[in-house]
Amino acid sequence: MSKLLLLSCCAPCSCAVIEKLAIDKVEFAVMFFNPNIFPFEEYEKRKNEQINFCKKYDVDVIELSYNHEDWENVIKGLENEPERGKRCSKCFYYRLEKTMEYAKEHGFDKVSSVLGISRYKNLDQVNEEATKASIKTGVEYDLTNWRKGGLEQRRQYLIKETKMYSQNYCGCPYSARDSKKV
């Protein structure tokens with residue numbers, strides 16, 4: 001039986017996927033690695049919401065350390081890129097590569113993510129960066145489109161049903177600026 005590590009940006013994006021994987025009895029854990037989220041108080045809110053939702057399904061949450069400064073160095077020079085631009089590609093790759101490195105070191109067979117589940121993100125862009133990180137690390141990436149199969153509707157239902165803390169930007173201080181335009 002394979003073991004999956006699911007990279008999650010937040011509970012609202014991952015809730016239906018977590019529920020489905022738990023119901024399907026998939027062996028998995030959730031990775032919370034989001035150094036893009038700023039300010040730190042916002043990061044803490046999202047992390048706590050993720051942990052609380054995962055508790056309902058007895059799913060482990062793994063947190064890599066929050067280092068916004070390292071993330072800023074990764075995207076340096078791309079601060080003015082639009083949403084879905086080069087900054088997002090760099091951010092996706094960085095987070096996916098670190099997640100895959102963790103997966104490889106800790107006995108996970110593959111990685112998937114919900115980074116492309118939001119309508120504000122480009123799933124093809126996420127998958128392209130995930131494929132690059134997969135080739136570099138040697139860890140399989142599951143390309144499942146988590147928007148399909150009724151999961152988007154289930155996600156919206158769970159957010160309302162649980163009164164889940166939800167936000168209107170990915171966490172990146174530069175996309176927050178863009179979200180006001182959307």
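# Reading a five-strand sheet

Reader: Let's start with the sheet. How many bridges pair β2 and β3, and in which sense?

Author: Three bridges, in the parallel sense, pair β2 with β3. The general idea is that two strands count as a pair if DSSP finds at least two bridges between them. Strands are DSSP runs of E with at least two residues, helices are runs of H or I with at least four residues, and both get their numbers from the N terminus. One spot to look at is F32, which stands opposite E63 in β3.

Reader: Before I click on anything, what kind of model is this, and how are residues numbered?

Author: It's a predicted model: local features need pLDDT of at least 70, side-chain atom pairs count only at pLDDT 80 or more, and totals for chains, interfaces and linings use all residues. Residues are numbered from 1 along each chain as its sequence is written, and side-chain values use heavy atoms, with hydrogens and water left out.

Reader: Good. How does the chain cross from β2 to β3?

Author: Through helix α2 (residues 40-55), in a right-handed β-α-β crossover. To read the hand yourself, look with the strands pointing away from you: a crossover is right-handed if the path from the first strand over the helix to the second runs clockwise. Helix α1 (residues 11-23) makes another right-handed β-α-β unit, together with β1 and β2.

Reader: And in what order do the five strands form the sheet?

Author: Read across, the order is β3-β2-β1-β4-β5, in an open sheet with parallel pairing. The edges are β3 (61-63) and β5, each of which pairs on one side only.

Reader: What joins the other neighbours, starting with β1 and β2?

Author: Five bridges link β1 and β2, in the parallel sense, and L6 stands opposite V30 in β2. On the other flank, β1 (residues 3-7) runs parallel to β4 (residues 110-113), with four bridges between them; here L5 has V111 as its bridge partner in β4. Then come β4 and β5 (residues 140-141), parallel over two bridges. V111 turns up again in that pair, with Y141 as its partner in β5. From β4 to β5 the chain goes through helix α5 (residues 123-137), and that β-α-β crossover is right-handed.

Reader: Let's talk burial. How many residues of β2 are buried?

Author: Buried means under 20% relative accessible area, exposed means over 50%, and partly exposed is in between (1.4 Å probe, protein chains only). Strand β2 (residues 27-32) is mostly covered, with five of its six residues buried. Across the protein, buried residues make up 51% of the 182.

Reader: S112 caught my eye. Which residues is S112 in contact with?

Author: S112 is in strand β4, and it counts as buried because its relative accessibility is 0%. A contact means heavy atoms within 4.5 Å. Leaving aside neighbours within four places in sequence, S112 touches L4, L5, L6, L7, Y141, D142 and W146. Its side chain also has a polar contact of 2.9 Å with the side chain of W146. For that term, think of a pair of N or O atoms within 3.5 Å; within protein, one must be able to donate a hydrogen and the other to accept it, and residues adjacent in sequence count only if both atoms are side-chain atoms.

Reader: Where does T137 lie, and is T137 buried or exposed?

Author: T137 lies in helix α5, and it's buried, because its relative accessible area is 7%. A polar atom of its side chain lies 3.3 Å from the backbone nitrogen of V139. Leaving aside neighbours within four places, T137 is in contact with E97, M100, E101 and K104.

Reader: For contrast, where is G150?

Author: G150 is in the loop between β5 and α6 (151-161). With a relative accessible area of 35%, G150 is partly exposed.

Reader: Zooming out, why does the radius of gyration of the protein agree with a compact globule?

Author: The rule is 2.2 Å times the number of residues to the power 0.38, with the radius of gyration taken over C-alpha atoms. For 182 residues a compact globule would come near 16 Å, and the protein has 15 Å, so the two agree. The C-alpha trace spans about 45 × 40 × 30 Å along its principal axes. As for contacts with a separation of 6 or more, 78% are between residues 24 or more positions apart.
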